[in-house]
Amino acid sequence: MIGRLGELAVYHWLKERFPNQDIDAAWVSKNGDEQLGRSQGSDKLGFDFRVEYRKQTWQIEVKASIGDQRRFEMGETEVRAAREAARPRSRTRYVVVYVANPHDPANAHIDVLPNPMSSEADGVLDLLGEGVRFGFKRR
C-alpha cells in the first residue's frame, strides 16, 4: 500500500511539473491501472513512469517508505532498466524518486536520486552491504 501511495504522490507531483504532458499515459505501472481504471500497465518494466523531458526519455522508479529511512531496495527488473539506461550514449535517463511519508502529506518529502547504476550516484548513494545475487548459465 505504501508503494501505491508513493506512486500517487509522484503522479500529482509530475502533473504539477509537466502540465503539458499526459501524465496519465506516463504512469506505466499496474498501480497506475488501478488508480486510473485501465488495464495496460506492467510491473515488469523496471520503472513506474516514462516522461519525455529535454529530448530524453526519463524512466522514473518510485520508492516510498513510512518515516524517512532514506534507503530502498531494487528488484531485478529495476536493476536491468537502470543498467540499460546507464550505458554510454543512452538517450534514456533513469532516476529513483524517493517519497518519505506519502501517507502523511504534511510530513511527506520527495527526493530525486540519480540512477544507482551510473557514475552520477557516486557520493550520493551508498551500497548498504546487503549484496546482489547473480545467476548464470553454463556455456
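**Sheet, cores and side-chain pairs**

Q: Which residue in β2 is the bridge partner of Arg-50?
A: Gln-59 takes that place in β2. The model is predicted.

Q: What makes β1 and β2 a strand pair?
A: Pairing requires at least two bridges. β1 and β2 (residues 56-65) share five, in the antiparallel sense. The condition is met, so they count as paired.

Q: What is the strand order of the sheet?
A: The order is β1-β2-β3-β4, in an open sheet of four strands with mixed pairing.

Q: Why are β1 and β4 said to stand at the edges?
A: Each has a single partner strand, so one side of each lacks a neighbour in the sheet. β4 covers 109-113.

Q: How are neighbouring strands of this sheet turned against each other?
A: By 30° on average, with direction ignored.

Q: Which strands does α1 touch as it packs on the sheet?
A: α1 touches β1, β2, β3 (92-100) and β4. The direction of α1 makes about 135° with that of β2.

Q: Where does helix α4 lie?
A: Helix α4 (residues 76-85) lies across β2 and β3. The helix runs at about 135° to β3.

Q: How many aromatic pairs does the structure hold?
A: There are four.

Q: Why is the pair of Phe-18 and Tyr-53 called edge-to-face?
A: Take the distance first. The ring centres are 5.3 Å apart, and the limit for a pair is 6.5 Å. Now the angle. The planes stand at 75°, and edge-to-face needs over 60 degrees. Both conditions hold, so the label follows.

Q: What parts of the chain does the pair of Phe-18 and Tyr-53 link?
A: Phe-18 sits in the loop between α1 (2-17) and α2 (23-26), whereas Tyr-53 belongs to strand β1 (residues 49-53). The two are 35 residues apart, and the parts linked are distant ones.

Q: Why does Phe-18 count as buried?
A: The relative accessibility of Phe-18 is 18%. Buried means under 20%. Phe-18 therefore qualifies.

Q: Which class does Tyr-53 fall into, and why?
A: Tyr-53 has 29% relative accessibility. Partly exposed lies between the 20% and 50% limits, so Tyr-53 counts as partly exposed.

Q: Which residues do ring pairs link into a cluster?
A: Tyr-11, Trp-27 and Phe-49.

Q: Which residues have the most contacts inside the largest nonpolar core?
A: Val-10, Leu-14, Ile-23, Phe-49, Ile-60 and Val-97. This core has 16 residues. α1, α2, β1, β2 and β3 each give two or more residues to the core. The largest share, four residues, comes from α1.

Q: Which residues belong to the other core?
A: That core lies apart and has ten residues, among them Phe-47, Ala-82, Tyr-94 and Ala-100.

Q: How many salt bridges are there?
A: The structure holds ten.

Q: What makes Arg-4 and Glu-34 a salt bridge?
A: Their N to O distance is 3.2 Å. The cut-off is 4 Å, so the pair counts. Arg-4 is in helix α1 and Glu-34 in helix α3, 30 residues apart.

Q: Why is Arg-4 called partly exposed?
A: The relative accessible area of Arg-4 is 28%. That falls between 20% and 50%, so the name applies.

Q: What makes Lys-63 and Glu-61 a salt bridge?
A: The N to O distance is 3.5 Å, within the 4 Å limit. Both Lys-63 and Glu-61 are buried.

Q: What does the salt bridge of Glu-78 and Lys-63 tie together?
A: The side chains meet at 2.9 Å, N to O. Glu-78 lies in helix α4 and Lys-63 in strand β2, so the bridge ties parts 15 residues apart in sequence.

Q: Why do Glu-78 and Lys-63 count as buried?
A: Glu-78 has 13% relative accessibility. Lys-63 has a relative accessible area of 13%. Buried means under 20%, so both qualify.

Q: Which residues form one network through shared salt-bridge partners?
A: Glu-61, Lys-63 and Glu-78 are joined in this way.

Q: What does Glu-78 contact beyond four places in sequence?
A: The contacts are Gly-46, Glu-61, Lys-63, Glu-73 and Tyr-94.

Technical notes
Residues are numbered from 1 along each chain as its sequence is written. This is a predicted model: local features need pLDDT of at least 70, side-chain atom pairs count only at pLDDT 80 or more; totals for chains, interfaces and linings use all residues. Side-chain values use heavy atoms; hydrogens and water are left out. Rings of Phe, Tyr and Trp (its six-membered ring) pair if their centres lie within 6.5 Å; planes under 30 degrees apart count as stacked, over 60 as edge-to-face and the rest as tilted. Buried means under 20% relative accessible area, exposed over 50%, partly exposed in between (1.4 Å probe, protein chains only). Axes are lines fitted to C-alpha atoms, for helices over the stretch in contact, and angles run from 0 to 180 degrees between N-to-C directions. Contact means heavy atoms within 4.5 Å. A nonpolar core is a set of buried Ala, Val, Leu, Ile, Met, Phe, Trp, Tyr and Cys residues joined through side-chain atoms within 4.5 Å.
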